[in-house]
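Colleague: I have a model open and want to go through its fold with you. Can we take it one question at a time?

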Amino acid sequence: MRIPCDGLLFDNDGVLVDSDLGVDQAWSRWARARGLSAEKVTAMVHGRRSADTVALLVADPGERPAALAEIDRLEIEAAATTTALPGALDLLTSLPRGSWAVVTSGVTALARARLAAAGLPLPPVLITADDVTNGKPAPDGYLAAAARLGVDPARTVVLEDAVAGAKAGETAGAYVIGVGPRGLDTGAQVVVRDLRGLTWHDGVLDLGAADLLRS
């Protein structure tokens, strides 16, 4: 399978890095401190900005800034547990610098900490929760990344593992590829197990050697 495109737009968590351990640790601790079910809270956080999750779980608007600051701190502290997902390093280091971006629901400090812990290069364009008014599933982040790369969003491929992120990419007009088991829950027509076997050159993303979970 070959997909013509001028840019690759990656979600971070679940696509480039495995941060599930840190996410579970941080959000479980945060939830228990508020008498909330850690299991229910950790099940709802993937693909969302922490600010959006906090707004759903903390009824009093006056308490939200402190609650948000706490979960951001806890997640950054847990970022050291982050590892690179298979194929991420090989693919990213093979890409021309102006051809890719990372669009994440995490704040900038967290995104940088997780990429560093995983041993992955910082992207030439990094769009985080700090850079957009509306988080995923709104398309703002992916539209901003395409603009920063100077490419038409319709000529990009978004790689996502979360339903909200896949919706954001679709609304932005990109071709969306699901990644990993969670990617099967998205509406993506094509889902790869991980980034192994993906190559990009001369404006074409080649999935010929990828392990396809759905196609």
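What follows is a short exchange on the sheet, the helices and some backbone details.

Colleague: Is this model predicted or not, and what pLDDT do local features need?

Modeller: The model is predicted. Local features in it need pLDDT of at least 70.

Colleague: In what order do the seven strands of the open sheet stand?

Modeller: The pairing in this open sheet is mixed. E2 and E7 pair in the parallel sense, over four bridges. Three bridges join E2 to E5, also parallel. The full order is E6-E5-E2-E7-E8-E9-E12.

Colleague: Which strands stand at the edges?

Modeller: An edge strand here has a single partner strand, so one side of it is left without a neighbour in the sheet. Two bridges, in a parallel run, join E6 (residues 126–127) to E5. The strands at the edges are E6 and E12 (212–214).

Colleague: Which residue of E6 is the bridge partner of valine 103?

Modeller: Take the E5 residue before it: valine 102 stands opposite leucine 126 in E6. For valine 103, the partner in E6 is isoleucine 127.

Colleague: What is the hand of the β-α-β crossover from E5 to E6?

Modeller: E5 and E6 run parallel. The chain leaves E5, passes through helix H6 (residues 108–118) and reaches E6. This crossover is right-handed.

Colleague: Are the residues of E5 buried or exposed?

Modeller: Trp100 and Val102 point one way from E5 (residues 100–103). Ala101 and Val103 point the other way. Buried means under 20% relative accessible area. On that cut-off, these four residues are all buried.

Colleague: Which residues of E2 are buried on each side?

Modeller: Both faces of E2 (residues 7–10) are covered. In the pairing, glycine 7 stands opposite threonine 156 in E7, and phenylalanine 10 opposite valine 102 in E5. The buried residues are Gly7 and Leu9 on one side, Leu8 and Phe10 on the other.

Colleague: Are H3 and H4 parallel, perpendicular or oblique to each other?

Modeller: H3 (residues 50–57) and H4 (residues 64–77) pack with their axes 10 Å apart. Ser50, Ala51, Val54 and Ala55 in H3 meet H4 residues including Leu68 and Ile71. H3 passes H4 in a right-handed crossing. The angle between them is about 130°, and H3 and H4 are therefore oblique.

Colleague: Which residues of H8 are buried?

Modeller: The cover over the buried residues of H8 (residues 163–172) includes H7, E7 and E8. Just after H8, glycine 173 takes a positive phi of about 95°. The buried residues of H8 are Ala164, Gly165, Ala166, Ala168, Gly169 and Ala172.

Colleague: Is the peptide bond from lysine 136 to proline 137 cis or trans?

Modeller: Proline 137 lies in the loop between E6 and H7. Omega of the bond from lysine 136 is near 20°. The bond is cis.

Colleague: Is aspartate 202 buried or exposed?

Modeller: Aspartate 202 sits in the loop between E10 (199–201) and E11 (204–206). Its phi is near 50°, a positive value in a residue other than glycine. Exposed means over 50% relative accessible area. Aspartate 202 has 77% relative accessibility, so it counts as exposed.

Conventions: Residues numbered from 1 in each chain as written. Predicted model: local features only at pLDDT ≥ 70, side-chain atom pairs only at ≥ 80, totals over all residues. Heavy atoms only, no water. Buried < 20%, exposed > 50% of the residue type's maximum accessible area, 1.4 Å probe, protein only. Pairing = 2+ DSSP bridges. Right-handed = clockwise from strand over helix to strand, strands pointing away. Axes fitted to C-alpha atoms, helices over the stretch in contact; angles between N-to-C directions. Parallel < 35°, antiparallel > 145°, perpendicular 65-115°, else oblique. Left-handed = near helix turned anticlockwise from the far one by under 90°. Contact = heavy atoms within 4.5 Å.
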